[in-house]
Amino acid sequence: MRQVAALALTIAFAVSGCVSVTEKTTLQPQRLTAVQGAATPLRCPATLVEVQDARPAGESAGMFGNRELRFEGAATLIKDQLLASGLTEAKRVGAMDVLVRLKRLYMSQQHGINTPVVVLEVRVDRTAPVLIRPRAPSVNWWGSEQELYDDLGAAVTLANREVIAGLNTRCATSYVPAR
């Protein structure tokens, strides 16, 4: 009888060590840190028709340590950054029409490396869409919440910069935007 009780107690302790508590964390877009440095301005008129949130996992944004991340309002964050870069919501004559679909936005963490993932699908006028996925892995020094925000902010900023760079390749070289 003692052996059965000892075995049951050993199993209970072993199993309890495998259990961890997951904390749900809703990310706050205003806390994302943008990458510093000069961003290339948009060199010709472009209308931001829409930014669609097409993430298959909805607002789920991966795991960071024991935190299950949720990112609400991600499409609005992308839209605001693109508008700040020179795109407009108002249609202008000769402007390119730009439609952006947010395909992925999440944090992956493995073996001390943070890998924020942002995937945008960009369609200009009626051309075939282009996928944009910047690479922004970083070392996870402390596992802090600030590192999470810094890394995701860098990935979003880099993705939007790639959108602007791609649009600029379609611009006539002599166009100078009115400010």
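This is a short tour of a predicted model, moving from the whole chain to single residues.

**The whole chain**

Begin with the protein chain in a cartoon view. Its secondary structure consists of three helices and eight strands. Followed along the sequence, these elements come in the order α-β-β-β-β-α-β-β-β-β-α. Now switch on the surface. The accessible surface of the protein chain is about 10,600 Å², and carbon and sulfur atoms supply 57% of that surface. Of the chain's 179 residues, 33% count as buried. Among contacts with a separation of 6 or more, 73% join residues that are 24 or more positions apart. Several of the stops below show residues of this kind.

**Stop 1: the disulfide**

Select Cys44 and Cys171. Their sulfur atoms lie 1.9 Å apart and form a disulfide, and the structure holds one such bond. What is the handedness of this disulfide? It is left-handed, because the torsion about the S-S bond of Cys44 and Cys171 is about -60°. The two partners come from distant parts of the chain, 127 residues apart. Cys44 sits in the loop between strand 1 (23-27) and strand 2 (46-53), while Cys171 belongs to the segment after helix 3 (145-168).

Are these cysteines buried or exposed? Cys44 has a relative accessible area of 9%, so Cys44 is buried. Cys171 also has a relative accessible area of 9% and is buried.

**Stop 2: the loop before strand 2**

Stay in the loop between strand 1 and strand 2 and select Thr40, which lies there. Leaving out residues up to four places away in sequence, Thr40 touches Ile164 and Asn168. Next add Ser85 to the selection. The C-alpha atoms of Thr40 and Ser85 are 8.1 Å apart in space, although 45 residues separate the two in sequence.

**Stop 3: Ala46 in strand 2**

Move on to Ala46, which is part of strand 2. With a relative accessibility of 0%, Ala46 counts as buried. Which residues is Ala46 in contact with, leaving aside neighbours within four places in sequence? Show Leu87, Thr88, Arg92, Ala95, Met96, Val98 and Leu167, and the set of contacts is on screen. Asp97 is worth adding as well. Ala46 and Asp97 are 51 residues apart in sequence, and 6.0 Å apart from C-alpha to C-alpha.

**Stop 4: helix 2 against helix 3**

Select helix 2 (residues 74-84) together with helix 3. Two packed helices are described by the angle between their axes and the distance between the axes. Here the angle is about 50° and the axes of helix 2 and helix 3 are 10 Å apart. That angle makes helix 2 oblique to helix 3. The crossing of the two helices is right-handed.

To see what fills the space where they meet, show the side chains on each side:

- From helix 2, the residues are Leu77, Ile78, Gln81 and Leu82.
- From helix 3, they are Val156, Thr157, Asn160, Val163 and Ile164.

Ile164 has appeared before on this tour, as one of the residues that Thr40 touches.

**Stop 5: Asp125**

Finish at Asp125, in the loop between strand 6 (113-124) and strand 7 (130-132). The point to check here is the backbone. Asp125 has a positive phi of about 50°, although Asp125 is not a glycine. How accessible is Asp125? Its relative accessibility is 40%, so Asp125 counts as partly exposed.

Terms used
Residues numbered from 1 in each chain as written. Predicted model: local features only at pLDDT ≥ 70, side-chain atom pairs only at ≥ 80, totals over all residues. Heavy atoms only, no water. Disulfide = S-S within 2.5 Å. Helix = DSSP H or I, 4+ residues; strand = E, 2+ residues; numbered from the N terminus. Buried < 20%, exposed > 50% of the residue type's maximum accessible area, 1.4 Å probe, protein only. Contact = heavy atoms within 4.5 Å. Areas by Shrake-Rupley, 256 points an atom, 1.4 Å probe, with all protein chains shown as cover. Axes fitted to C-alpha atoms, helices over the stretch in contact; angles between N-to-C directions. Parallel < 35°, antiparallel > 145°, perpendicular 65-115°, else oblique. Left-handed = near helix turned anticlockwise from the far one by under 90°.
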